[in-house]
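Open the model in your viewer and keep a selection tool ready. The tour goes from charged pairs to a nonpolar core, then to a helix and a sheet.

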Amino acid sequence: MHHKIPHRFVTGLNSRATKCGVCLGSVPFVKQASKCQECGMICHPKCVSSAKDNCGMPTEYIQQFSSIMGQVEQSSHRYSPIVSDVPIKMEGWLKVPRTEKQGWERRWASLENNILLLFVYESDASPIDTFDLGPPNTDVTVHSAIKQQPLTTCWPGRVLYLMASNFSDKQKWVACLEAAVKSIQRKDTIVRTGMFSKTLLELEGSRRLELNCSFALCKELVLLGADEGLFCVNLYHGTHAIITQLTGFKCVHQIVYISSLNLIILITGRERSVVTIDKRMIHSRIDQANSAAKEETNPIPHTVIEGIVGCTVMDASKCHGGSYMVVGMADRVLLMKYNSEMKSFCLRKEFMTNEPCSCVCLSHEFAIVGTDKFYRLSLDHPNITGMLIN
């Protein structure tokens, strides 16, 4: 197959944690990443020069992983607590660290479901080592690059290093190992919780959305924030629920509700601005659309909070005698308080940061903000201090 179409990369803050399409390493949330404007491939900025000219063509990693996980999903009955075993098989030569001296040595590896066997030769009948990828009460993770092990007060974990002979084999092995671990963890979670899985909504075909967030408006209505915009789903009709688009929003990254003000707050648009919407207005527009049997509402009136562009995360709540909102950005954190006379959030204090803000959580008297480390942001006398996290 002759396929040589270069990617068109644009570098900016990554909006969701994912994997690099070149090196398979992790690309964290709100870190610098390069994204192809045509096919959506994401990679590290340093990996752009190594990306192959295969824009628009699925990689072997995606094909392998999608195929295996598709079998896993199809085999799982929607209303059953038992997850059927799907054969996940992979064989080939891998390298493992030598036991007594530096270097690597070749081993024939055979993966079948959650068991990885290592042999000296391909024709051997007995393995020299066996690894269970799904031991009870244990979490197993697969990393596609060597990373430092975190400090822990628990029992030390077991680490297995594997090296593939080429990048194509690495992609296939990572896909199979991740599929095996994910299948086992799904089964283990269902068994441990004793819960039945039930699908409330299926978004397939023309109904498919690139979802980012959700919020339950009431017992039957759920707001969905997606790359395609803001939607409301009426779950009364089950998996064939009615989906209504709330027009006026190009892309919605986060939804927060502040009950004391009856306001829905969104991070929206490519510029990631922050807007507020009266919850009652959403109900009114949805009722009008349903009465007219329309798939979208009239434009929703909303208020754009001035001075906020490039918001990564935010949180809002009534606390410490007022309604506060903490806004995280690429290089700063904003503390805002609602002014009832002006009917808007006003800036109270601004704090510069060394790294983009990746998480915010408001409590009754302070907020926890995560950037390069965790900080405590006091609300009464605004100041920010570092937190020691063990």
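A salt bridge here is a side-chain nitrogen of Lys or Arg within 4 Å of a carboxyl oxygen of Asp or Glu. The model is predicted, and side-chain atom pairs count only at pLDDT 80 or more. By this rule there are ten salt bridges.

**Charged pairs**

Select Arg 16 and Asp 227. Their closest N and O atoms are 3.9 Å apart, so the pair counts as a salt bridge under the 4 Å limit. Arg 16 sits in the loop between β1 (9-13) and β2 (18-19), and Asp 227 in the loop between β12 (221-226) and β13 (229-234), so the bridge ties together parts that are 211 residues apart in sequence. Arg 16 is partly exposed at 29% relative accessibility, and Asp 227 is partly exposed too, at 34%.

Next, select Glu 178 and Lys 19. This salt bridge has its closest N and O atoms 2.0 Å apart. Glu 178 belongs to helix α2 (residues 167-193) and Lys 19 to strand β2, with their positions 159 residues apart in the chain. Glu 178 is buried, with a relative accessible area of 16%, whereas Lys 19 is partly exposed at 26%.

Move to Lys 31 and Glu 355, whose side chains form a salt bridge at 3.2 Å, N to O. Lys 31 is in the loop between β3 (26-27) and β4 (32-36), while Glu 355 is in the loop between β22 (344-352) and β23 (359-362); the two are 324 residues apart. Lys 31 is partly exposed, with a relative accessible area of 31%, as is Glu 355, with 29%.

Then return to Arg 16 and Asp 227 and add Glu 210: salt bridges that share partners join these three residues into one network.

**The largest nonpolar core**

Select Leu 217, Leu 223, Ile 255, Ile 264 and Leu 266. Of the 18 residues in the largest nonpolar core, these touch the most other members. Elements giving two or more residues to this core are β11 (211-216), β12, β13, β15 (252-258), β16 (263-268), β17 (273-278) and α3 (279-291).

Centre the view on Leu 266. Beyond its neighbours within four places in sequence, Leu 266 has contacts that include Leu 230, Phe 249, Ile 255, Val 275, Ile 277 and Met 314.

**Helix α3**

Show α3 alone. Its 13 residues should span 18 Å at 1.5 Å a residue, and the end C-alpha atoms are 19 Å apart, which agrees.

Which residues of α3 are buried? Select Lys 279, Ile 282, Arg 285, Ile 286 and Ala 289. Viewed down the helix axis, these buried residues fall within an arc of 125 degrees, so they line one face of α3. They pack against β12, β13, β14 (242-246), β15, β16 and β17. On the face turned away from the buried side, look for the exposed residues Arg 280 and Ser 291. Just after α3, Ala 293 has a positive phi of about 55 degrees.

**A five-stranded sheet**

Finally, select the open sheet with the order β9-β8-β7-β6-β10, in which the pairing is antiparallel. Its edge strands are β9 (129-132) and β10 (163-164), each pairing on one side only. At the β10 edge, β6 (residues 89-97) and β10 pair in the antiparallel sense over two bridges. To see one of them, pick Lys 95 and its bridge partner in β10, Met 163.

Conventions: Residues numbered from 1 in each chain as written. Predicted model: local features only at pLDDT ≥ 70, side-chain atom pairs only at ≥ 80, totals over all residues. Heavy atoms only, no water. Helix = DSSP H or I, 4+ residues; strand = E, 2+ residues; numbered from the N terminus. Buried < 20%, exposed > 50% of the residue type's maximum accessible area, 1.4 Å probe, protein only. Core = buried A, V, L, I, M, F, W, Y, C linked by side-chain atoms within 4.5 Å. Contact = heavy atoms within 4.5 Å. Expected span 1.5 Å × (residues − 1). Arc of directions from axis to C-beta. Pairing = 2+ DSSP bridges.
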